[in-house]
Amino acid sequence: MTNKEINKLGDRIAYAQAVDLVHRDDLDLLQEFRKTYKDPLAKTFNRLLLLAGKVDKGAIVTYRIKRINTIIRKLQRFKDNPNGEMKLSRMWDIAGCRCILSTNRINDIYKLKSLIEKEFGECKVNDYLSQPKGDGYQSLHMYITDKETGKKIEVQIRNLIQHNWATLVEIVDLIYGTKIKEGQQEKKLKDFLLLFSRKDSLSYEEKERLVRIEGRYRIFKKMSSVFSGNYLNVRKQWLATQGAGNYFVIEADKNFKSEIESFKCFENAEDAYYERYLANKDSNIVLTYIKSARFEQISTAYSNYILTVHSFFDDYRRFIEEMILDSVDKQGFWRLNKSLRLYCRNTLVYMRNVVSERRELEKSIKNNGISNRKAKEWMNTMIREIKQWNNATVNFMKRLVVSIKHRKKYVYLVRFHFGLMRIESGIK
């Protein structure tokens with residue numbers, strides 16, 4: 001296809017008014033256009049993999065071709081842009097690589113940037129680290145030009161904290177049926193995400209606002225229920241993918257159920273992706289490549305599709321702990337009672353879900369659905385998770401009691417809440 005033909009296709013898609021109104025012939029053409037990025041994207045990825053390893057051996061590096069729905073919505077969103085329509089041939093993020101660094105040093109991101117510029121030449125850069133987006137998004141975006149085809153490849157570099165926040169936005173969009181990532185003005189949830197992106201530097205009033213919004217939408221509870229419901233099934237699917245290839249098609253449907261398949265060749269994976277898309281355009285579906293992927297890697301890189309693991313639970317628990325400890329002297333009896341009720345409610349929800357996962361795993365072992373080695377590995381993971389939360393809760397209670405030991409009535413209140421939670425959680 002020539003650029004003129006590509007742009008005409010983009011115009012037809014843009015003026016189709018809705019995603020599901022795009023003509024099937026145009027969907028087929030768009031699919032063929034997406035596939036033309038395969039070779040330059042793979043070539044760029046292989047070189048990036050080596051560069052990222054020089055900065056951080058624990059880095060997760062993936063690549064993907066932009067989802068069909070996302071391309072369509074972007075074209076339709078920009079069709080009335082006063083600065084000019086979005087031309088499909090100039091959509092620079094159709095093919096992209098992502099480097100997720102395990103270190104939290106911002107300098108490491110810029111170190112990788114320098115290596116990329118040395119390897120690929122001068123690149124256009126959007127620096128959302130020094131100037132985060134208004135919604136809280138932080139990442140470094142670079143646009144590499146493939147010398148043979150002239151196609152642009154987007155490279156996103158971020159650390160694990162920044163990545164986890166970005167995937168949290170997409171998880172919230174999925175669970176609540178919003179499109180905050182695409183600019184939808186869902187004020188309360190958007191405020192929650194913005195505040196959470198800078199949770200370590202909030203005033204006490206801002207912390208209270210963040211907690212009020214979470215309580216209103218029960219974000220912690222809903223996420224925990226979704227993730228717990230998915231965990232065992234997804235891990236069983238992961239077992240079936242072992243040795244099948246490094247191309248992964250991952251789908252999270254509107255009922256928050258995730259499916260994962262792996263393929264050895266791009267063409268088969270892309271065909272499977274397109275078939276899934278045509279069968280259910282409302283699902284979130286992505287095709288990605290991860291070299292020698294482990295379950296922990298893919299769960300982290302695509303937590304918004306896998307829906308089994310996310311740092312939000314630990315981060316929010318620690319946030320509430322520090323908020324209570326920092327303000328315990330300012331709180332009256334009933335205000336502390338309310339804060340402890342919130343903390344214990346979320347902890348109880350999470351612990352019950354993990355215990356439920358463990359019981360389901362035990363059933364699967366009895367039914368010989370999982371090999372002994374894998375069963376032991378999973379069981380140990382769950383036991384570690386339960387112990388980690390149990391220990392964190394006990395340590396928090398001790399720290400809190402020490403800070404209020406001169407106020408006996410407050411000490412009794414703390415011990416009452418934690419004792420009740422321990423009984424209700426079923427943890428011995």
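Helices here are DSSP runs of H or I with at least four residues, numbered from the N terminus. Tyr343 lies in one of them, helix α14. The model is a predicted one.

**Exercise 1. Place Tyr343: is Tyr343 buried or exposed, and which residues does Tyr343 touch?**

Solution.
Step 1. The relative accessible area of Tyr343 is 2%. Buried means under 20%, so Tyr343 is buried.
Step 2. Leaving out residues up to four places away in sequence, Tyr343 touches Arg317, Ile320, Glu321, Ile324, Ala392, Thr393, Phe396 and Phe418.
Step 3. Take Ile320 from that list. Ile320 and Tyr343 are separated by 23 residues in sequence, and their C-alpha atoms are 6.7 Å apart.

**Exercise 2. Describe how α9 packs on α13: what is the crossing angle, and which residues make the contact?**

Solution.
Step 1. Helix α9 covers residues 219–241 and helix α13 covers residues 312–327. Their axes come within 11 Å and cross at roughly 150 degrees.
Step 2. Angles over 145 degrees count as roughly antiparallel. The two helices, α9 and α13, are therefore roughly antiparallel to each other.
Step 3. The hand of the α9 and α13 crossing is left-handed.
Step 4. On the α9 side the contact uses Ile219, Phe220, Met223, Ser224 and Phe227, and on the α13 side Phe312, Phe313 and Tyr316.
Step 5. Sorted by class, the residues of this α9 and α13 contact are seven nonpolar, one polar and no charged.

**Exercise 3. Repeat the analysis for α9 and α14: at what angle do they pack, and how do the contact residues divide?**

Solution.
Step 1. The axes of α9 and α14 are 10 Å apart, at an angle of about 15 degrees.
Step 2. Angles under 35 degrees count as roughly parallel, so α9 is roughly parallel to α14.
Step 3. The crossing of α9 past α14 is right-handed.
Step 4. From α9 the contact takes Phe220, Lys221, Ser224, Ser225, Phe227, Ser228, Tyr231, Leu232 and Lys236. From α14 it takes Asn346, Val349, Tyr350, Asn353, Glu357, Glu360, Leu361 and Ser364.
Step 5. The residues of the α9 and α14 contact comprise seven nonpolar, six polar and four charged.

**Exercise 4. Follow two side chains of α9: what do Phe227 and Arg235 touch?**

Solution.
Step 1. Phe227 is found in α9, and a relative accessible area of 3% makes Phe227 buried.
Step 2. Apart from neighbours within four places in sequence, Phe227 is in contact with Ile171, Ser303, Leu307, Thr308, Val309, His310, Phe313 and Glu357.
Step 3. For a distance check, Phe227 and Asn280 are 53 residues apart in sequence and 22 Å apart in space, C-alpha to C-alpha.
Step 4. Arg235 lies in α9 as well. Its relative accessibility is 4%, so Arg235 counts as buried.
Step 5. With residues up to four places away in sequence set aside, Arg235 touches Phe295, Glu377, Trp378 and Thr381.

**Exercise 5. Analyse the nonpolar cores: how many residues has the largest, and which element gives the largest share?**

Solution.
Step 1. The largest nonpolar core has 62 residues. Met223, Phe312, Tyr316 and Leu400 have the most contacts inside this core.
Step 2. Elements that give two or more residues to this core include α6 (160–176), α9, α13, α14 (333–366) and α15 (372–403).
Step 3. The largest share, 11 residues, comes from α14.
Step 4. Beyond four places in sequence, Tyr316 touches Phe196, Leu210, Val211, Glu214, Phe220 and Asn346.
Step 5. A second, separate core has 58 residues, among them Ile13, Val19, Ile72 and Phe266.

**Exercise 6. Examine α4: how many of its residues are buried, and what covers them?**

Solution.
Step 1. Helix α4 spans residues 68–77, and nine of its 10 residues are buried.
Step 2. The buried residues of α4 are Ile68, Asn69, Thr70, Ile71, Ile72, Arg73, Lys74, Leu75 and Gln76.
Step 3. Their cover includes α1 (3–14), α2 (24–35) and α10 (266–279).

**Exercise 7. Check the backbone at Phe256 and Leu307: what is phi at each residue, and where does each lie?**

Solution.
Step 1. Most residues other than glycine have a negative phi.
Step 2. Phe256 has a positive phi, near 65 degrees. Phe256 sits in the loop between β6 (247–252) and β7 (258–263), and is partly exposed at a relative accessible area of 22%.
Step 3. Leu307 also has a positive phi, about 55 degrees. Leu307 is in the loop between α12 (303–306) and α13, and counts as buried at 0% relative accessibility.

Technical notes: Residues are numbered from 1 along each chain as its sequence is written. This is a predicted model: local features need pLDDT of at least 70, side-chain atom pairs count only at pLDDT 80 or more; totals for chains, interfaces and linings use all residues. Side-chain values use heavy atoms; hydrogens and water are left out. Axes are lines fitted to C-alpha atoms, for helices over the stretch in contact, and angles run from 0 to 180 degrees between N-to-C directions. Angles under 35 degrees count as roughly parallel, over 145 as roughly antiparallel, 65 to 115 as roughly perpendicular and the rest as oblique. A crossing is left-handed if the near helix is turned anticlockwise from the far one by less than a right angle, and right-handed if clockwise. Contact means heavy atoms within 4.5 Å. Ala, Val, Leu, Ile, Met, Phe, Trp, Tyr, Cys and Pro count as nonpolar, Asp, Glu, Lys and Arg as charged, and the others, Gly among them, as polar. Buried means under 20% relative accessible area, exposed over 50%, partly exposed in between (1.4 Å probe, protein chains only). A nonpolar core is a set of buried Ala, Val, Leu, Ile, Met, Phe, Trp, Tyr and Cys residues joined through side-chain atoms within 4.5 Å.
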